[in-house]
Every structure is written in structure tokens, then in C-alpha cells.
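Colleague: Please give the strand pairing a close look, and then set it beside the surroundings of the ligand. How far may each region be trusted?

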Amino acid sequence: MSQPLLDAIVESAEGNATLRIRPASASDVEILSIYFTSLSTTSRNKRFMGARADFAMIAAECVAKTSNPGHFTLLAEIRHEGQGTIIGETRYAYDAAARHGDFAISVADGFQRQGVGLQMMTAMERHASDLGHEMIAAETARVNAEMRGLAKKAGFEDTGLGDWQSVHLAKRLSR
Ligand SMILES: CC(C)(COP(=O)(O)OP(=O)(O)OC[C@H]1O[C@@H](n2cnc3c(N)ncnc32)[C@H](O)[C@@H]1OP(=O)(O)O)[C@@H](O)C(=O)NCCC(=O)NCCS
């Protein structure tokens, strides 16, 4: 799984840049760690549903399970003068007992609201569906309007199983 899954155009400080959504590999640990560190505190806390500081370890975990096809991390990367910069990531893990995939996602603050999140979700769903997975679930804070809006736009529905703090979302994948 090393082919780019999707190419698109986003606006960057240097003008329009080519966005590539591709699977993460072992060589991405450092740039992924830099990406997590560069997120605003607010975005980072939302991504991890709480404060975390061990980003090198988290980045290593994201790519460690790439040998397990039910676990994958997709990266959204822009390239400028031959240099790649990560501007988004989504981590997916299949729960065989629950028979659904779970995911978490983030987009760099300066690139939010340009459709990057939705494109990563689409690429993730397509890949999960290709693996034969039929359902994707996610949990987010009730106050996370961005994630709830993104999930709704991607076709996820509130399962009603959340509580006053969190919302549980799910989507059945079509094959
Ligand atoms: C949630 C997140 C990944 C969305 O990424 P994004 O690239 O900005 O999302 P998109 O541009 O693809 O937006 C798709 C849709 O999501 C909804 N959305 C996105 N940002 C929103 C916001 N701030 N408020 C309300 N709805 C929002 C909208 O419906 C939007 O469609 P529109 O722009 O046509 O109205 C991003 O806000 C983020 O990284 N947040 C911090 C981390 C986080 O909360 N992760 C979720 C928990 S794992």
C-alpha cells in the first residue's frame, strides 16, 4: 500500500500546492511527529481527546502496525521544492470483535476548511471498504462542531449511544 490514494489542489502560503493523500510508512515517523507538534493546542487536544506530549511515540505507533492490513494511517502531504510537509493524518484501526473500524483525524490549522478532512475520510472509507470492512465508527466530543460537521457531511449518523460529553457516530460502507 504505497501508491498515492488521491491527488488534489489546496491553497498554501506559497500559492496553490498539490495535495497527495497516501498511506504512511516507517520512514514517516519523524515528519508525522513534527506535524503533531505543529498543531495548535486546541486541535491537538481535540485530536487526542485530551492533552498528550509524547508525539514521537504516537507517530511511531501510527506507522508501527502497517504490517497489519486492518490498521493504517493515511497522510495528507503537500510538496514544495521537493520537500514534503504533512498537513493532515487519519489513523484507522479495525476492531474484529466489534466488527467495525475506528478512526481519528486531524488537519493542520492553516489548512482546515479546505476540504482536506473530507478527502481523507473518503480515501479512508474506500480503503476500509476494499479490505472488506462494512462499518466505520467514531467517537467525538459533543462540543466538537468541526468533527461533527465533517462526519455529517461524510454521511455518518449519530448512533445515540453517546453521553452528555461524547457523540458516537457510525457509517455503513457500501461495496
Ligand atoms: C475535524 C477536522 C479534521 C476537519 O477537517 P477539515 O479539513 O477542516 O474539514 P473539511 O474542510 O473537509 O470540511 C468538511 C465539512 O466539515 C464541516 N466542518 C468543518 N469545519 C467546521 C467547523 N469549524 N464548524 C462546523 N462545521 C465544520 C463542514 O460541514 C465542512 O463542509 P463545508 O466546508 O462545505 O461547510 C479539523 O477541523 C481538525 O483537524 N480538527 C482538530 C482535530 C479534531 O477535532 N479531530 C476529530 C477528533 S479525532
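Modeller: Two strands pair if DSSP finds at least two bridges between them; strands (E, at least two residues) and helices (H or I, at least four) are DSSP runs, numbered from the N terminus. Residues are numbered from 1 along each chain as its sequence is written. The model is predicted: local features need pLDDT (the predictor's confidence in each residue, from 0 to 100) of at least 70, side-chain atom pairs count only at 80 or more, and totals for chains, interfaces and linings use all residues.

Strand β8 (residues 166-172) pairs with β6 (residues 135-141) in the antiparallel sense, over seven bridges. In this pairing Ile136 lies opposite Lys171 of β8. Strand β8 also pairs with β7 (residues 157-158), again antiparallel, over two bridges, and here Asp158 faces Leu169 of β8.

Turning to the ligand, 22 residues surround it, each with its C-beta atom, placed from the backbone, within 6 Å. The closest are Lys46, Gln112, Gly117, Glu146 and Gly149. Two or more shell residues come from each of α2 (41-48), β5 (100-107), α4 (116-130) and α5 (145-153). Helix α5 gives the most, with six residues.

As to trust, helix α5 also has the highest confidence in the chain, at a mean of 97, whereas strand β1 (residues 6-12) has the lowest, at a mean of 69. Over the chain, the mean pLDDT is 89, and 90% of the residues reach 70 or more.
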